[in-house]
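Subject: Structure handover and findings

Hello,

Here is the structure we discussed, handed over for your use. My notes on the ligand sites follow below it.

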Amino acid sequence: GTQEKVQEAKDETQKIGLVLSTLNNPFFVTLKEGAEAKAKELGYEVVVLDSQDDPSKELSNMEDLITRGVSVILINPTNSDTVGNAIKLANDAKIPVLTLDRGANSGEVVSHIASDNVAGGKMAGEYVVEKLAKKGKVIELEGIPGASATVDRGAGFNEALKGTEIEVVAKQTANFNRTEGLTVMENILQAQPEINAVFAHNDEMALGALKAIEGTNREIMVVGFDATDDAVASVKEGKLAATVAQQPDMIGSLGVETADKVLKGETAEKFIPVDLKLVTE
Amino acid sequence: MKQPIFEMKAITKEFPGVKALDHVDFKIHKGRVMALLGENGAGKSTLMKILSGVYQKDDGEIIYEGKKVDIKGPKDAQEEGISIIHQELNLIPHLTIGENIFLGREPVNAFKKIDWTKLYKDSEVLLKKLKVDKSPKELVASLSIGEQQMVEIAKALSLNAKIIIMDEPTDALTKKETESLFHVIHELRAQQKSIVYISHRLEEIFQVCDDVTVLRDGKFIGEAQVKTLNEDQLIEMMVGRKLTEQFPSVVVEKGDVALEVKNLSNEYVKDISFLLRKGEILGISGLMGSGRTELAKSIYGALRKDSGKVYIDGKEVNIKSTQNALKEGIAYVSEDRKGQGLILGLSVKENMSISSLKDFESPIFKINRTKEKKAVKNYIAQMAIKTPTERQKIKNLSGGNQQKVSIAKGLMTNPKILILDEPTRGVDVGAKKEIYDLINKFKQTGMSIIMISSEMPEILGMSDRILVMHQGRITGELDRTDASQEKIMKCAVGIKEVSYKDE
Amino acid sequence: MNKKLLMKFKSIIGLIVFSLIVSVLSPRFLTVSNILNVLRQTSINSIIAAGMTFVILTGGIDLSVGSTLAFCGAVCAYFISAGMSVFLAVTIALAIGALVGLFSGIIISKGKVQPFIATLVTMTVLRGATLVFTNGKPITLGSDKASEVFSKIGAGYFLGIPIPVYLMVLVFMIAYYVLTQTRIGRYVYALGGNEEASKLSGLNVSKIKLSVYAISGMLAALAGVVITARLSSANPNAGAGYELDAIAAVVLGGTSLAGGAGSILGTIIGALIIGILSNALNLLDVSSYYQMIAKGAVILIAVLADRKEK
Amino acid sequence: MNKKLLMKFKSIIGLIVFSLIVSVLSPRFLTVSNILNVLRQTSINSIIAAGMTFVILTGGIDLSVGSTLAFCGAVCAYFISAGMSVFLAVTIALAIGALVGLFSGIIISKGKVQPFIATLVTMTVLRGATLVFTNGKPITLGSDKASEVFSKIGAGYFLGIPIPVYLMVLVFMIAYYVLTQTRIGRYVYALGGNEEASKLSGLNVSKIKLSVYAISGMLAALAGVVITARLSSANPNAGAGYELDAIAAVVLGGTSLAGGAGSILGTIIGALIIGILSNALNLLDVSSYYQMIAKGAVILIAVLADRKEK
Ligand SMILES: Nc1ncnc2c1ncn2[C@@H]1O[C@H](COP(=O)(O)OP(=O)(O)OP(=O)(O)O)[C@@H](O)[C@H]1O
Ligand SMILES: Nc1ncnc2c1ncn2[C@@H]1O[C@H](COP(=O)(O)OP(=O)(O)OP(=O)(O)O)[C@@H](O)[C@H]1O
Ligand SMILES: O[C@@H]1[C@H](O)[C@H](O)CO[C@H]1O
Ligand SMILES: [Mg+2]
Ligand SMILES: [Mg+2]
């Protein structure tokens, strides 16, 4: 008897599925925390699954969520192109889908909550242009090859440099990873006698690069992306020049808030932009 | 007889499907050499493995100098003063001779650093004693089987044990090394050490042993002083019946030339030329490391030839691989059954048919298992291979029975030319006779056989013609009728020009 | 024989017990749709693991399967979106997979390079090649006829059962037949058991090695085709780390990495354990960090239980 | 003996030739600062590879080094930021590394589980544990005294040479001594050469296995300490995939994965080849996709050249 009641009570709280591209990156951990906090506030249970940057695992996660009978799915795609079929599965199961941080190029999505990465890249580029007075040599540390964040931030950044005398003298990937940021930057420092600034596609790489530069006594400005706790602290200490602040917790909580609206039958905006801002102090 | 210093009482040991030992009693006396005899699979090695801590007995007791002892592992046995030369080689290929001899007992200095000078000096002394002409710093991987066996002996001696068990120590040795070993055994006996000696070469029993214990089918048959017995009586104790003549020579009329080798040379052998006729057994003798195995492998396509020609039935053939050789009708049975002959994890059947699987293939590439099984069972019966079924894993067979499977594998390919490298290594008298009979049977059908052997009586008894090798060259070719141990030894040391001293 | 049979049943019984426990904890686990779901999810790893079984039985290892999967998937997607017929594109992808395997096999058998290093090289080079070929971006299929047909290979059903499940079963049936009933199968075991003895027994050791790596490459390519079809998109990062899952399935199935002993039936069971485990942990709402811990623990228990039998 | 020496020189000569080619292509390569840079970068992989050499010589493998590195790095950073003394925190981290290795060693020797699976389990569980412990976020050190001192281990210099380089040299000197001059060293080779024979010679095989995994774990922990100090921050995903680099260094150095043969000197050379390669490709501004292809090709050439000697 009591068992059944517990079971019923449990079934009454609706479940929100949250599929994240990876949980190996503080950015997504914060996003998850934002979502969880909001869900608690609104009385939902969140089921979090980690795709470990593998689109096929992402698809499996989607299948498992459908099996579990969640009411709505928030997904942060590993890749905007590849996620299509996963979303279509949910569409077929009549479960509404919302995308977070990275969009989907196919499938039916109720709402997309993200920052504009092209704009963010541009923001970083404009900052560099201003600080260098339109002249100098810069390095670009790229994220995971092919990830939309990599492509978009790169595009935005390079657009901002157009028409200036700033030249990107080296471009290497460090896979959004701090340790790789360190070694790649160490090597670039050997190769390039003159560097004025570094733009890293995320803070993890920026902080790694900063460490590499600290070992030399060269004056190089580093700009990151995300505004993780570490990065903001570094900016405050005057080490990191700037970081483009995304608000992952906001992306997460807005996601849940929008999902709640959808479940209640209210209409939701197709695209909900989350503010970006440049943190320089 | 005095009180034994060591006694095993009612030892019983069972393996799945096999009662290897059934209430066996065994005694070892101080300052004496005890022979342990029995057919393949009689349980000799198993008994000695129990004594040396490799296996645990199921039942029975072990008494050492009047006290019951419990031997739980090899280390315990070493501490009790027991050392053993196992039937199968147990060396570490990439360590040096010296490192192998003292493995687990390396001399160290105060800083835990190995005292290399002492280690190699002590090894040198042991090798000298055994008349092995190798530097202790050489890697074991580069030694021939016989040389490795000598290292095993040196290792057993280095323990300075009270009891030394030798499980078929001479099965890979030629006369010369065997003599050095016997010399050492005599010395040990003089030092009041006890020795257990296992061998299928009966003449050796009369040369070095004082007492003999015989096992049959895992049961104790009897113990006696060697001098009270003759060879026939010994054989009867072992096999339970009399055996007819050991080397039943069969005369086959000289056939055509089946194989001709002309000026074959490579890294190992130099300028080898000889003929082999249909229905002929060509024995190859020589000392350890004289290059006999390498010659066989070069003909068989397992080693590269630098120059020279090979003709089969008068036609030149270019054998570049073992597949080529099998296709041309040459089969080779390795001297090293464990390392190169058998695939220990596979069954008797799978091992026996591996070289001739093609013959059992049906359309749709399926192996015809019924046919395969029938052929295998046929050989098991013909060669009296002792195994519960043809599906038994080969590693669970006794050494001699493994050897028979190895030969059967070669025979199953229906070769025109069969190369047997030490074919009766570790095979008991009864089985040897079966193998000889089989070889003769194939000889009569016109098969040509090359038989490499380190066992003099076998070479002399079976061959129609004998080649003798020395340092990779043929130094003698003797006809059956005028071959003798002395003549072979003379060629084997490669000194026709230097006069051979007879003592 | 009976004991062997018991052994086999034992693993299957273990698998069933494990499934029952999960189904008590999560009633959704033992539904038809979820079982099909698990089977489909398992099919990728199973197909790769079937090829890996051949390689491991010879005493080798193939680290390149993940890259091969990505490369062949990309090639297949490229040709289909370029208008080639599905049949031809898939055939080419499988052929390339086999060629990639042959390449590793040649380095190993002719070049005498250790399989670990040879396939590590193939893995690295091929990942680079995939990124160059795709320019680091996924190749996504359109909604033309060919693409639709192609996507059935990964997403379609026949008689209510997903197509990849049929493919998996087919692969295992063929692998079982080859390993237990044919000459090459016997040779694979012999080679893994004792290379020297195999050579002296007249086996063409090089040919056997080339064959197993080609088989592994071809099956990795097939897995790539299935994934690409399932996602309607080929991802340049696909398959990264899959070699470990495939090897784990093989070894969980009782095949020794030293070669010479093991069975393809064991591999299915191994793959199913891994597949069910991931699905179950998701259904049981184990948080993703703890999933890793739980996965490790269950695999450990499975191998320890299996070992006791020996 | 002389041939052996020649062999050793041969690899070193190969390394030098390779370096010369690079230095012609990029004049910055052979500058003092870049050489120190390469050495510092190589130190992490070298230290792990030194431990891996012990394991591989016994015929085993350790896949858990990357996770061990991350876990021990995180523990160390945690304790230091909690105010513990640097010495104590580092000692605890190394001890935990050794314990982790012991754990794998026990599963392998007592549980008779294949090293690949046992360390795969440790790898998975420990990665999960690290993520739980850090909650998926880096543990970053402050700028207090202890943190400053600690960071010297990774970023500091002594007589113009980076501290990690000293650590690497020290590790190799000790490893060389242990492997060539002590009993345990001989036993490691013996065990890898023939486990059965080692047992029959009365060696305590379990103890040797426990020791090598403990050594590997401890050195992985040391590498974790160095990385953490270098970055002043411990990352939960640090070290992922490092096992492959370490194994590659060992095998490139001529050690056989079958165990029993190889040398620690080879491992240094292997690690240097890998380190110089990455550095050179970056200096030569090879784009990252092509870097993978080039890396694979050079490793292949290196092993093929090495093999010719045998
Ligand atoms: N590990 C094992 N597992 C199963 N059966 C075994 C095992 N070891 C030995 N046997 C069986 O026990 C019996 C005795 O074998 P053992 O090796 O003691 O014979 P042996 O007298 O030494 O013979 P040989 O003269 O051929 O060396 C044989 O039937 C053998 O097949
Ligand atoms: N792999 C190897 N590396 C170096 N030397 C070797 C190798 N194999 C054999 N040898 C050497 O080649 C010589 C010939 O060995 P082979 O095995 O042909 O001798 P054999 O006449 O068959 O004697 P045995 O009775 O010992 O087998 C020996 O001195 C041996 O030490
Ligand atoms: O926006 C996020 C973050 O910048 C993260 O660092 C990498 O993945 C991107 O999608
Ligand atoms: Mg025996
Ligand atoms: Mg020989």
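**Ligand 2 and its magnesium ion**

Helix 9 of chain B makes the largest contribution to the shell around ligand 2, with three residues. Please keep in mind throughout that this is a predicted model. The elements giving two or more residues to this shell are helix 5 (145-158) and helix 9 (292-300) of chain B. In total, 15 residues surround ligand 2, and the closest are Ser144(B), Arg292(B), Thr293(B), Glu294(B) and Glu335(B). By class, the shell holds two nonpolar, seven polar and six charged residues. At the level of domains, at least three shell residues come from each of domain 1 (6-239) and domain 2 (257-329 + 415-498) of chain B.

Three polar contacts to oxygen atoms of ligand 2 may be of use for setting up restraints or checks:

- The side chain of Thr293(B) places an N or O atom 2.6 Å from an oxygen atom of the ligand.
- For the side chain of Glu147(B), the corresponding distance from an N or O atom to a ligand oxygen is 2.9 Å.
- Gly146(B) takes part through its backbone, with an N or O atom 3.5 Å from an oxygen atom of ligand 2.

On its own, ligand 2 has 640 Å² of accessible area, and the protein covers 75% of it.

Which protein atoms are the donors of the magnesium ion listed as ligand 5? They are OG1 of Thr293(B) and OE of Glu335(B), at 2.0 to 2.5 Å from the ion. Thr293(B) sits in helix 9 of chain B, while Glu335(B) is in the loop between strand 16 (330-333) and helix 11 (337-341), so this pair links parts of the chain 42 residues apart. Thr293(B) counts as buried because its relative accessibility is 13%, and Glu335(B) is likewise buried at 14%.

**Ligand 1 and its magnesium ion**

Ligand 1 is surrounded by 20 residues, the closest being Asn40(B), Lys44(B), Ser45(B), Thr46(B) and Asn396(B). Strand 2 (18-28), helix 1 and helix 14 (399-411) of chain B each supply at least two residues of this shell. Helix 1 gives the most, with three residues. Six residues of the shell are nonpolar, 11 are polar and three are charged.

The polar contacts of ligand 1 include these:

- An N or O atom in the side chain of Ser45(B) is 2.7 Å from an oxygen atom of ligand 1.
- An N or O atom in the side chain of Gln87(B) is 2.8 Å from an oxygen atom of ligand 1.
- Tyr55(B) has a polar side-chain atom 3.4 Å from a nitrogen atom of ligand 1.

The protein buries 90% of the 640 Å² that ligand 1 exposes when taken alone.

Ser45(B) and Gln87(B) also serve as the protein donors of the magnesium ion listed as ligand 4, through OG and OE1 respectively, at 1.9 to 2.0 Å. Ser45(B) belongs to helix 1 (residues 44-51) and Gln87(B) to the loop between strand 6 (82-85) and helix 3 (97-101) of chain B, so the pair ties together parts 42 residues apart in sequence. Both residues are buried.

**Ligand 3 in chain A**

The residues around ligand 3 are Asn25(A), Phe27(A), Phe28(A), Asp101(A), Arg102(A), Ala149(A), Arg153(A), Phe176(A), Asn202(A), Asp226(A) and Gln246(A). They divide into four nonpolar, three polar and four charged. Helix 2 (26-42) and helix 6 (148-161) of chain A each provide at least two of them.

Polar side-chain atoms of this shell contact ligand oxygens as well. For Arg153(A) the distance is 2.6 Å, and for Asp226(A) it is 2.6 Å. An N or O atom in the side chain of Asn25(A) lies 3.3 Å from an oxygen atom of ligand 3. The protein covers 100% of the 270 Å² of accessible area that ligand 3 has on its own.

**Two backbone angles**

Asp226(A), one of the residues around ligand 3, has a phi near 120°, a positive value in a residue other than glycine. Asp226(A) is located in strand 9 (residues 221-226) of chain A. Is this residue buried or exposed? Asp226(A) is buried, since its relative accessible area is 5% and the cut-off for buried is under 20%.

In chain B, Glu422(B) also has a positive phi, near 50°, and is not a glycine. Glu422(B) lies in the loop between strand 17 (417-421) and helix 15 (429-444). With a relative accessible area of 5%, Glu422(B) is buried.

Regards

How values were computed. Residues are numbered from 1 along each chain as its sequence is written. Chains are lettered from A and ligands numbered from 1 in the order in which they are written. This is a predicted model: local features need pLDDT of at least 70, side-chain atom pairs count only at pLDDT 80 or more; totals for chains, interfaces and linings use all residues. Side-chain values use heavy atoms; hydrogens and water are left out. A residue is near a molecule or strand if one of its heavy atoms lies within 4 Å of it. A polar contact is a pair of N or O atoms within 3.5 Å; within protein, one must be able to donate a hydrogen and the other to accept it, and residues adjacent in sequence count only if both atoms are side-chain atoms. Accessible areas come from the Shrake-Rupley method with a 1.4 Å probe; for residues, only the protein chains shown count as cover. Helices (H or I, at least four residues) and strands (E, at least two) are DSSP runs, numbered from the N terminus. Ala, Val, Leu, Ile, Met, Phe, Trp, Tyr, Cys and Pro count as nonpolar, Asp, Glu, Lys and Arg as charged, and the others, Gly among them, as polar. Domain bounds come from an automatic or database domain assignment. Donors are N, O and S atoms within 2.8 Å of the metal (3.2 Å for Na, K and Ca); water is not among the atoms, so sites may look incomplete. Buried means under 20% relative accessible area, exposed over 50%, partly exposed in between (1.4 Å probe, protein chains only).
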